[in-house]
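Colleague: I have a new model open and want to learn to read its sheets and loops. Can you take me through it?

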Amino acid sequence: MKVKDIIAVIEETAPLSLQDSFDNGGLNVGLRDEEVSGVLVCVDVTDEVVAEAISKGCNMIVSHHPLLFHSLRQVGDGNYIERIVRRCVVENISLYAAHTALDRAVNGVSRKMADMLGLKDQKLLAPYNESEGTGYGIVGCLAQPENSNAFLEKVKTIFSCDVLRYSALNKKTIHKAAVSSGAGGSFIGNAMNAGADIFISADLRYNDFFSSENGIIVVDIGHFESEYCAIDLLYDVITKKISTFAVHKSESSANPVKYLK
């Protein structure tokens, strides 16, 4: 099995043609014809994740977020990105990132979030290619209406959140919910137009929380929390096609944001 074979499997589900213009998904480090001993799936490529890959005999890391996002002017030890690139080259570890291609995919990260919440009658929130079923975010109906406070507690538990940031609870009951993985503040209007009672995403700005004036509750669960499910998603994508190959879910993927409780 070679790096290019793993990439082909991933890109059947999340082709790079889907990635946003600002993104740098794909093969960040490595050679396509390199033999793969094992794959480690994670959210972010960190020192700890690289060490875990080495300890598990994996010479390919598949992440949600790309390590190389901005221009890299040198490879030394000036920061964690330079340090990791250098170590991966020395250790012969390939790095591949799915990111917005997986976010926009037919069965992407937001759909995984919606499934975790048990949403029914799911529809795209912000279509990219509606005929192909690709785009950002999902809106759907709850199996049965739930009390707003109880639903927030459910969201907190399902996504393993230390805290939730949310706007005024201007509705006592939730019938329809919209979700978007990552920084989804720009899709609040889409959620309102879709008739959602609540919008769940991350990286919301202060002014976004005034959206309650327009009859929708907005909830920020945290960027890492909204995309941690990408590990399960990528693992399933790879193992369903390559069932006999060593693929591991990272045990060291950690939220870089800490909370004082």
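Modeller: Start with the sheet. This is a predicted model. It has an open sheet of 5 strands, in the order β1-β4-β3-β2-β11, with mixed pairing.

Colleague: Which strands stand at the edges?

Modeller: Look for strands with a single partner. Here they are β1 (26-29) and β11 (247-249), so one side of each is left without a neighbour in the sheet. From one strand to the next, the twist averages 25 degrees.

Colleague: In which sense do β1 and β4 pair?

Modeller: Strands count as paired when there are at least two bridges between them. β1 and β4 (residues 94-97) have 3 bridges and pair in the antiparallel sense. To see the register, find Gly26: Ala97 in β4 stands opposite.

Colleague: Which helices lie across β2, β3 and β11?

Modeller: Check the helix direction against a strand. Helix α2 (residues 47-55) lies across β2 (39-42), β3 (60-63) and β11, and runs at about 155 degrees to β2. Helix α9 (residues 230-241) lies across β2, β3 and β11 too, at about 170 degrees to β11.

Colleague: Now β8. How many bridges join β6 to β8?

Modeller: There are 6, between β6 (residues 134-147) and β8 (residues 173-183), and these strands run antiparallel. Take Cys141 as a marker; its bridge partner in β8 is Lys176.

Colleague: And do β8 and β9 run parallel or antiparallel?

Modeller: Parallel, with 4 bridges joining them. Val179 stands opposite Ile200 in β9. Next, trace the connection. β8, helix α7 (residues 188-193) and β9 make a β-α-β unit, and its hand is right-handed.

Colleague: On to backbone angles. What sign does phi have in most residues other than glycine?

Modeller: Negative, in most of them. So a positive value catches the eye. Ser160 is a case: its phi is about 50 degrees, and it is not a glycine.

Colleague: Where does Ser160 lie, and is it buried or exposed?

Modeller: Ser160 is in the loop between α6 (148-158) and β7 (165-166). Exposed means over 50% relative accessibility. Ser160 is at 58%, so it counts as exposed.

Colleague: What is phi of Asp203?

Modeller: It is near 55 degrees, again positive in a residue other than glycine. Asp203 lies in the loop between β9 (198-202) and β10 (217-220). At 40% relative accessibility, Asp203 counts as partly exposed.

How values were computed. Residues numbered from 1 in each chain as written. Predicted model: local features only at pLDDT ≥ 70, side-chain atom pairs only at ≥ 80, totals over all residues. Heavy atoms only, no water. Helix = DSSP H or I, 4+ residues; strand = E, 2+ residues; numbered from the N terminus. Buried < 20%, exposed > 50% of the residue type's maximum accessible area, 1.4 Å probe, protein only. Axes fitted to C-alpha atoms, helices over the stretch in contact; angles between N-to-C directions. Contact = heavy atoms within 4.5 Å. Right-handed = clockwise from strand over helix to strand, strands pointing away.
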